[in-house]
Amino acid sequence: MRARIVATGSAVPKRVLRNADLERMVATSDEWIVERTGIRERRVVDAGVASSDLGTEAARAALAAGGWDAADLDLLLVATCTPDMPLPSTACLIQRNLKASRAIAFDLAAACSGFLYGLSVADLYVRSGTCRKALVVGTEVMSSVVDWTDRGTCILFGDGAGAVLIEPSDEDRGILSTHLHSDGDLWDLVCVPGGGSRLPASAAMLADRQQFVKMKGNETFKVAVRTLEATAREALEANKLGVDDVDLFIPHQANVRIVNAVMERLGLKKDRVMLNIDRYGNTSAASIPLALDEAVRAGRVAPGSRILMVAFGSGLTWASAVVKW
Ligand code: UT7
């Protein structure tokens, strides 16, 4: 028995932050950002809007697309590195909003790889027979952890959410494989040092701006290319697929140069990739489900399409999934 994705949904805030807006905030230029990252604009929430709000909206869109009732959900997984609050989990807050009272609800932390980690866990729950109707949400308000005075990071991130519904399938389609990897030795490539138990909230911590994302951009770039290529190859080999068998490649949208480098190394054709980083930037755990939903709505996915998804993120974590639609 396989688990298959039944429907997708997504949500982004209305407010657009263009590169020209960032030019007024830090020493940067539209030209530099477009050339080095491929990003032209990103969405940011208004004050008071949190990850559970975007996640709920994306989940509702997926439920509507699949014709499912939230009351029938038995698993609700949320991947986020920007939870509404340390506790309770964002999953429980989304559960409350949806009135998904039967669901087991919990968060999962794997940063930008979070959605594929969630997909893998849901796949196992569904294939084991423990759950029949699962919802996986990737949702982020990255603008809440971005240091708007740091040009090395503030140009990259955006807010958004994506969601998928998963159920068992007897057919020869669905989630064909997932592969997950972690390497804690590389924990400090991308991190938010403050606000947890190591460095709890205090006036000194805030004054030192430790509540914001710190990133070794250049090192992260190199590790990202290496791990994404490796995990894509691992996924193809596990399914006995060649690169030409991939109908749609959905990489984590971190930097268009990372995606291009990986595609070149793999020999993947340019027309097979799904990119929306130009409009949303890096939305961390939301990036893949947001891109998948856009691909579905644009008609780029048909029954039988083989989709290869790959991600990397803080942790370090990296992951892949192959889906036959
Ligand atoms: O999901 C989270 C994972 N994180 C990532 O995927 C990030 C991966 N890394 C990257 O995407 C790239 O490393 C960046 C876009 C962050 C930076 O691009 P880069 O080509 O690696 O630039 P760099 O860090 O090597 O910096 C080159 C120059 C530096 O100036 P000097 O020292 O050569 O004078 C930077 O200070 O570019 C400067 N710079 C900027 N200039 C204008 C850095 N950020 C900016 C900026 N605007 N926003």
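The legends below describe close-up views of a predicted model.

Local features are given only at pLDDT of at least 70 and side-chain atom pairs only at pLDDT 80 or more, whereas totals for chains, interfaces and linings use all residues. Residues are numbered from 1 along each chain as its sequence is written, and side-chain values use heavy atoms, with hydrogens and water left out.

**View 1. The two domains of the protein.** The protein is divided into domain 1 (2–171) and domain 2 (176–324), with bounds taken from an automatic or database domain assignment. Their C-alpha centres lie 14 Å apart. Contact, defined as heavy atoms within 4.5 Å, links 50 residues of domain 1 with 45 residues of domain 2.

**View 2. The shell around the ligand.** The ligand is surrounded by 21 residues, a residue being near a molecule if one of its heavy atoms lies within 4 Å of it. Thr28, Arg36, Asn218, Asn255 and Asn282 come nearest. Both domain 1 and domain 2 contribute at least three residues each to this shell. By class, the shell comprises nine nonpolar, nine polar and three charged residues; Ala, Val, Leu, Ile, Met, Phe, Trp, Tyr, Cys and Pro count as nonpolar, Asp, Glu, Lys and Arg as charged, and the others, Gly among them, as polar.

**View 3. Helices that line the ligand.** At least two shell residues come from each of α2 (30–37), α6 (151–154), α8 (217–238) and α9 (256–266). The most are given by α8, with four residues. Helices (H or I, at least four residues) and strands (E, at least two) are DSSP runs, numbered from the N terminus.

**View 4. Polar atoms facing the ligand.** A polar backbone atom of Gly217 is 2.9 Å from a nitrogen atom of the ligand. A ligand nitrogen atom is also 3.5 Å from an N or O atom in the side chain of Trp32, and an oxygen atom of the ligand is 3.5 Å from an N or O atom in the side chain of Arg257. The protein covers 72% of the 950 Å² of accessible area that the ligand has on its own, as computed by the Shrake-Rupley method with a 1.4 Å probe.

**View 5. The surroundings of Thr82.** Thr82 lies in the loop between β4 (75–79) and α4 (90–98). The residue is buried (under 20% relative accessible area, 1.4 Å probe, protein chains only), with a value of 4%. A polar atom of the Thr82 side chain lies 2.8 Å from the backbone nitrogen of Val141. Leaving aside residues up to four places away in sequence, Thr82 touches Ser51, Thr139, Glu140, Val141, Met142, Ser144 and Val145.

Conventions
Polar contact = N/O pair within 3.5 Å; in protein donor to acceptor, adjacent residues only side chain to side chain. Buried < 20%, exposed > 50% of the residue type's maximum accessible area, 1.4 Å probe, protein only.
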